[in-house]
Amino acid sequence: MELGLFNMPLHPPGADHAETLEADIEQLVLLDRLGFAEAWIGEHFLSEWENIMCADLVIANALARTERIKLGTGVSSLPYHHPVMLAHRIALLDQLARGRFMWGIGSGAFAADFVLWEIDTKNFEQRQLTREALDTILMLWKDPEPGPYRHRRWSFTIPERDPVLGVSLHMRPYQNRPHPPIAVAGVGPRSDMLAYGGARGFIPLSLNVLTVPTLVQHWETYEESAKQAGRSTSRSIWRIAREVYVGETSKSAREEAINGTFGRDFRAYILPLMKKINVLQALKVDPNIPDEAVTVEYLAENIWIVGDVDEVAEKLYDMYMAVGGFGTLLVMGHEWEPQAQHRDSMNRLKTQVLPRLEQKIAAKRRVKSRGVRNDTLVNRNG
């Protein structure tokens, strides 16, 4: 299993932008040194809590300060962008990254951003715009014909190539085979984006505020769509995001998570947001519990992965087995306050929890493999 980060980000309204951006990038630098495989950076325009609206600029900065970690947009909300501009920005970023870039795409999720860009969500205009924008961008990365291109929300004209002056639509991604890895993120049990991703062969990402049964439905949705499109699938490409905190003891870990930035962010922002958009049900292990029962204490017990090294390894193993396996755990990004505690948590996760988790998974596979061989012998012997 690989480890990664999903950074929405999460900073209280009024926080200093320059300082929080620097803190976010410092997290990436440390995780790169620890050997984390990847990190995804969110994009929102009007959310003061999620205050990155140009993930590609943050990634460009982080690329110069890291060595191995792959960085991705989490996600580029395609309905908000002119396809020609975004095609050039992403292709240029991929050239800078030289193989360390992944392109997460989506239809947008923040209600105020839809208002800003005048998108008709009642008729699900964002879904159609996402598909049309992506098709346009992928076309631009091939060898498009010169001439005018018209769409109800954008238009552009590709001029004839001038070989003398070297004028043409020339920018292509570095990973031009035929494009950088593309990922889609899902929330709902039968996520439209995951179904779309399965049909197109894109990387599936499941976000953090979901119960295990919903995660199971995510893979079923992705896999079913892939099969209908004639594509093979592998759980190794599936990413699942979670709040993860590894403390010195289970008791201290729980207290530090509930009373620290995890608790603050959920109390002040995530839970009120989920209530407002009527998706709090996603967090309920028992669908019949009342909304007021979904507290940070409830989350620490039922959704977050919090504890000492042994407890976190056990919880991750239980989740891994319950969903049928996945390839990468994405730790959700929160402010690391106090820094020492959160850095220690990430270090424990990488150096102590992950090896134990991999050993438990490998042992389970060996047992299962022996069982299959024994069953085969019984069947052969009649």
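How are helix 6 and helix 7 oriented to each other? They are oblique. The legends below describe close-up views of a predicted model.

**View 1. Helix 6 packs against helix 7.** The two axes, of helix 6 and helix 7, come within 7 Å and cross at roughly 40°. Angles under 35 degrees count as roughly parallel and those from 65 to 115 as roughly perpendicular, with the rest between them oblique. Helix 6 and helix 7 are therefore oblique to each other. Their crossing is right-handed. On the helix 6 side, the contact is made by L194, A195, G197, G198 and A199. On the helix 7 side, H218, T221, Y222, S225 and A226 meet them.

**View 2. The strands form a closed barrel.** The barrel has 8 strands, in the order 1-2-3-4-7-8-9-12, and the pairing is parallel. Neighbouring strands of this sheet are turned by 25° against each other on average, direction ignored. Strand 1 (residues 2-7) pairs with strand 2 (residues 38-41) in the parallel sense, over 4 bridges. N7 has I41 in strand 2 as its bridge partner. Helix 2 (residues 55-63) lies across strand 2, strand 3 and strand 4. Helix 2 runs at about 175° to strand 3.

**View 3. Strand 4 is covered on both faces.** Strand 4 spans residues 101-106, and 6 of its 6 residues are buried. In a regular strand the side chains alternate between the two faces of the sheet. F101, W103 and I105 point one way. M102, G104 and G106 point the other way. On one flank, strand 3 (residues 70-77) is joined to strand 4 by 5 bridges, and the two run parallel. S76 has I105 in strand 4 as its bridge partner. Strand 3, helix 3 (residues 83-97) and strand 4 make up a right-handed β-α-β unit. Strand 4 is also joined to strand 7, by 3 bridges, again in parallel. In that pairing, I182 in strand 7 is the bridge partner of W103.

**View 4. Strand 8 pairs with strand 7 and strand 9.** Strand 8 covers residues 203-206. I203 and L205 lie on one side, P204 and S206 on the other, and all of them are buried. Strand 7 (residues 182-186) pairs with strand 8 in the parallel sense over 4 bridges. A183 has I203 in strand 8 as its bridge partner. Between strand 7 and strand 8, the chain passes through helix 6 (residues 192-200), and this β-α-β crossover is right-handed. Strand 9 (residues 239-242) runs parallel to strand 8, and 2 bridges join them. There, S206 has I240 in strand 9 as its bridge partner. The chain reaches strand 9 from strand 8 through helix 7 (residues 212-228), in another β-α-β crossover that is right-handed.

**View 5. T211 and I303 meet in the interior.** T211 is found in the loop between strand 8 and helix 7. Is T211 buried or exposed? T211 has a relative accessible area of 7%, so T211 is buried, the cut-off being under 20%. Beyond its neighbours within four places in sequence, T211 is in contact with R242, A282, L283, K284, V285 and I303. I303 lies in the loop between helix 10 and strand 11. I303 counts as buried because its relative accessibility is 3%. With the same neighbours within four places left aside, the contacts of I303 are N208, L210, T211, R242, L283, V285 and Y298. The C-alpha atoms of I303 and V209 are separated by 7.4 Å, although these residues are 94 residues apart along the chain.

**View 6. Helix 8 packs through its buried residues.** Helix 8 spans residues 250-259. Its buried residues are S252, A253, A257 and I258. An α-helix has 3.6 residues a turn, so residues three or four places apart point the same way. The buried residues of helix 8 pack against strand 10 (244-246) and strand 11 (305-307), and also against helix 9 (261-276) and helix 10 (296-302).

**View 7. L273 sits in helix 9.** L273 lies in helix 9. L273 counts as partly exposed because its relative accessibility is 26%. The C-alpha atoms of L273 and K142 are separated by 40 Å. Along the chain, L273 and K142 are 131 residues apart.

Terms used:
Residues are numbered from 1 along each chain as its sequence is written. This is a predicted model: local features need pLDDT of at least 70, side-chain atom pairs count only at pLDDT 80 or more; totals for chains, interfaces and linings use all residues. Side-chain values use heavy atoms; hydrogens and water are left out. Buried means under 20% relative accessible area, exposed over 50%, partly exposed in between (1.4 Å probe, protein chains only). Two strands pair if DSSP finds at least two bridges between them. A crossover is right-handed if, with the strands pointing away from the viewer, the path from the first strand over the helix to the second runs clockwise. Contact means heavy atoms within 4.5 Å. Axes are lines fitted to C-alpha atoms, for helices over the stretch in contact, and angles run from 0 to 180 degrees between N-to-C directions. Angles under 35 degrees count as roughly parallel, over 145 as roughly antiparallel, 65 to 115 as roughly perpendicular and the rest as oblique. A crossing is left-handed if the near helix is turned anticlockwise from the far one by less than a right angle, and right-handed if clockwise.
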